[in-house]
Amino acid sequence: MLALTNNAALVIQSLTNSPELPGSAGLRITAQPEDQQSLSLAVAAEPTAGDEVVEEQGARVFLEESASSMLEEMVLDAEVDAQGSVQFFLGSQAGGQAGGQTDSDRPSQDSQGPGDGRPTA
């Protein structure tokens, strides 16, 4: 099952703790149908039927079925830069550190604030 770092949990909480979103909101991760190695991230009000729900440290992540199998042994980490943009990174649980991946191995999402769940390439 996908694990979250403390940073990822805090970032997800800040993205989903908005008056416009219900308390059930979370970060939804889906695999792209055309490229099963690419992931899309977006803030979602609730999980979709069939999603695996990961709840850690007060953060909720909804994993679409294909994404769930891809991320089974992974750790999700996050960073926020000085401009407030968010980047998510994946690492192996076996390695213990999400920071051990190269940039080319890191799916990312930049976000300017809560509710802006548009992924970037």
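**View 1. Strands β2 and β5 run parallel and are joined by three bridges.** In this predicted model, R28 of the β2–β5 pair stands opposite F62, a residue of β5. Strand β2 has six of its seven residues buried, so the strand is largely enclosed by the rest of the structure. As background to this view and to those of the other sheet, strands of a sheet pair through backbone hydrogen bonds, in either a parallel or an antiparallel manner.

**View 2. D51 and R28 form a salt bridge.** The closest N and O atoms of D51 and R28 are 2.6 Å apart. Because D51 belongs to the loop between β3 and β4 while R28 belongs to strand β2, the pair ties together parts that are 23 residues apart in sequence. Both partners, D51 and R28, are buried, and the structure holds one salt bridge. The residue R28 shown here is the one that stands opposite F62 in β5.

**View 3. An open sheet of three strands has the order β1-β6-β7, with mixed pairing.** The edge strands of this sheet are β1, which spans residues 3–4, and β7, which spans residues 86–92, and each of them pairs on one side only. Helix α1, made up of residues 6–16, packs on the sheet and touches β1, β6 and β7, and the direction of the helix makes about 60° with that of β6. Strand β7, although an edge strand, is mostly covered, since five of its seven residues are buried.

**View 4. Strands β6 and β7 form a hairpin with five residues between them.** Strand β6, residues 74–80, runs antiparallel to β7, and seven bridges join the two. Two facing pairs can be followed along this hairpin: V75 stands opposite G91 in β7, and D77 stands opposite F89 in β7. In the turn, G84 has a positive phi of about 90°.

**View 5. The largest nonpolar core contains 25 residues, and L2, I29, L76 and F88 touch the most other members.** The elements that give two or more residues to this core are α1, β2, β3 (35–44), β5 (59–63), β6 and β7, and α1 gives the most, with five residues. One core residue, L76, can be followed in detail: leaving aside its neighbours within four places in sequence, L76 is in contact with L2, A3, L4, T5, A8, I12, L27, I29, F88, F89 and L90. Among these contacts of L76 are L2, I29 and F88, which are also named with L76 as the residues that touch the most other core members.

**View 6. L21 is found in the loop between α1 and β2, the latter spanning residues 26–32.** With a relative accessible area of 23%, L21 is partly exposed, because the class of buried residues is reserved for values under 20%. Not counting residues up to four places away in sequence, L21 touches L15, T16 and V43. L21 and A44 are 23 residues apart in sequence, and their C-alpha atoms are 8.4 Å apart in space.

**View 7. Q57 has a positive phi, near 50°, in a residue other than glycine.** The place of Q57 is in the loop between β4, residues 52–56, and β5. Q57 is partly exposed, with a relative accessible area of 43%.

**View 8. The whole chain, shown as a setting for the close-ups, has two helices and seven strands.** From the N terminus on, these elements run β-α-β-β-β-β-α-β-β. Of the 121 residues of the chain, 44% count as buried, and the chain exposes about 6400 Å², of which carbon and sulfur atoms supply 47%. Among contacts between residues at least 6 apart in sequence, 50% join residues at least 24 apart.

Definitions and conventions
Residues are numbered from 1 along each chain as its sequence is written. This is a predicted model: local features need pLDDT of at least 70, side-chain atom pairs count only at pLDDT 80 or more; totals for chains, interfaces and linings use all residues. Side-chain values use heavy atoms; hydrogens and water are left out. Two strands pair if DSSP finds at least two bridges between them. Helices (H or I, at least four residues) and strands (E, at least two) are DSSP runs, numbered from the N terminus. Contact means heavy atoms within 4.5 Å. Axes are lines fitted to C-alpha atoms, for helices over the stretch in contact, and angles run from 0 to 180 degrees between N-to-C directions. Buried means under 20% relative accessible area, exposed over 50%, partly exposed in between (1.4 Å probe, protein chains only). A nonpolar core is a set of buried Ala, Val, Leu, Ile, Met, Phe, Trp, Tyr and Cys residues joined through side-chain atoms within 4.5 Å. Accessible areas come from the Shrake-Rupley method with a 1.4 Å probe; for residues, only the protein chains shown count as cover. A salt bridge is a side-chain nitrogen of Lys or Arg within 4 Å of a carboxyl oxygen of Asp or Glu.
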